[in-house]
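Please open the model in a viewer and keep the selection panel at hand. The stops below follow one another as a tour.

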Amino acid sequence: MAERALLIIDIQNDYFPGGKMELEGADAAAENAALALEQFRRLGLPICHVKHLSIRPGATFFMPGTPGVEINQRVRPREGERVIEKNFPNSFRGTELDAALKAADAKELVVAGMMTHMCVDASVRQAADLGYRVTLIGDACATRTQSYNGEAIPARQVHAAFLAALNGFYAKVISAREL
């Protein structure tokens, strides 16, 4: 049986009410991610938390040393759980994530995180390109309204469009309950 690992991407305080970049559905997504986290802990399976640190000029959230950059309490890492710090949307870019997953003999990744349209999308696509089988917990992800060509695209539509695009070739999208 292939080894499964849980990858929790950027479930950080700035994405929650009162944070610098509030997402729609962040609380529900974090609760569903916490369900997956508890299951992986109970089974003793590998867990990697990814934490974004903004270092680019003009960044307004995930600033090092602020409360907003911290991983949300619902999915806070325990001692012994790997935390990967990143500076780009793709969790693999410029990090030791792939090496950590290979060291854990992970062949399949179960993914939860934020933002669906950015870091989750980039990381899931990269994981698939690297040969991992990916299961994405769609209701353990959140995003925000986007705009294009002068039109506001509601968060729920952005979320659904990105999950639909990932489902099939890049990942199997399921709910936390299905996990």
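Throughout this tour, a residue is called buried under 20% relative accessible area, exposed over 50%, and partly exposed in between, with a 1.4 Å probe and protein chains only. The model is predicted, so local features need pLDDT of at least 70 and side-chain atom pairs count only at pLDDT 80 or more, while totals for chains, interfaces and linings use all residues. Residues are numbered from 1 along each chain as its sequence is written, and side-chain values use heavy atoms, with hydrogens and water left out.

**Stop 1: Asn 32**

Select Asn 32, which belongs to helix H1; helices (H or I, at least four residues) and strands (E, at least two) are DSSP runs numbered from the N terminus. Asn 32 counts as buried because its relative accessibility is 17%. Contact means heavy atoms within 4.5 Å. Leaving out residues up to four places away in sequence, Asn 32 touches Asp 139, Ala 140 and Ala 176.

**Stop 2: Leu 6 and strand E1**

Move next to Leu 6, in strand E1 (residues 3–9). Is Leu 6 buried or exposed? Leu 6 is buried, since its relative accessible area is 1%. Display its surroundings: beyond residues up to four places away in sequence, Leu 6 touches Ala 36, Leu 37, Phe 40, Pro 46, Ile 47, Cys 48 and Val 110. A C-alpha to C-alpha distance from Leu 6 to Ala 112 gives 8.0 Å, although 106 residues separate the two in sequence.

**Stop 3: Strand E2 and its partners**

Select residues 47–52, strand E2. Six of its six residues are buried, so E2 is largely enclosed by the rest of the structure. Ile 47, His 49 and Lys 51 point one way from E2, and Cys 48, Val 50 and His 52 point the other way.

Two strands pair if DSSP finds at least two bridges between them. E1 and E2 pair in the parallel sense, over four bridges, and His 49 in E2 is the bridge partner of Ile 8. Trace the chain from E1 through helix H1 (residues 26–43) to E2: this β-α-β crossover is right-handed, meaning that, with the strands pointing away from the viewer, the path from the first strand over the helix to the second runs clockwise.

Then add strand E3 (residues 82–86), which pairs with E2 in the parallel sense over five bridges. Here Cys 48 stands opposite Arg 82 of E3.

**Stop 4: The nonpolar cores**

A nonpolar core is a set of buried Ala, Val, Leu, Ile, Met, Phe, Trp, Tyr and Cys residues joined through side-chain atoms within 4.5 Å. The largest has 30 residues, and those with the most contacts inside it are Leu 6, Ile 11, Tyr 15, Phe 16, Leu 23, Val 75 and Met 114. E1, H1, E4 and strand E5 (133–142) each supply at least two residues of this core. Which element gives the largest share of this core? That share, eight residues, comes from H1.

Centre on Ile 11: apart from residues up to four places away in sequence, it touches Phe 16, Ala 30, Ala 33, Ile 71, Asn 72, Val 75, Gly 113 and Met 114. Apart from the largest core lies another, of 26 residues, including Ile 9, Ile 84, Val 124 and Ala 128.

**Stop 5: Backbone features in loops**

Select Met 114 and Met 115: the peptide bond between them is cis, with omega near -10 degrees. Met 115 is in the loop between strand E4 (106–114) and helix H3 (116–129).

Continue to Asp 105, in the loop between helix H2 (97–103) and E4. Asp 105 is not a glycine, yet has a positive phi of about 60 degrees; its relative accessibility of 45% makes it partly exposed.

Asn 149, in the loop between strand E6 (146–148) and strand E7 (151–153), is another residue other than glycine with positive phi, near 55 degrees. Asn 149 counts as exposed, at 71% relative accessibility.

**Stop 6: Asn 167**

Finish at Asn 167, in the loop between helix H4 (155–166) and strand E8 (172–174). Asn 167 is partly exposed, with a relative accessible area of 43%. Beyond its neighbours within four places in sequence, Asn 167 is in contact with Lys 172 and Val 173. The C-alpha atoms of Asn 167 and Thr 135 are separated by 9.0 Å, and the two residues are 32 apart along the chain.
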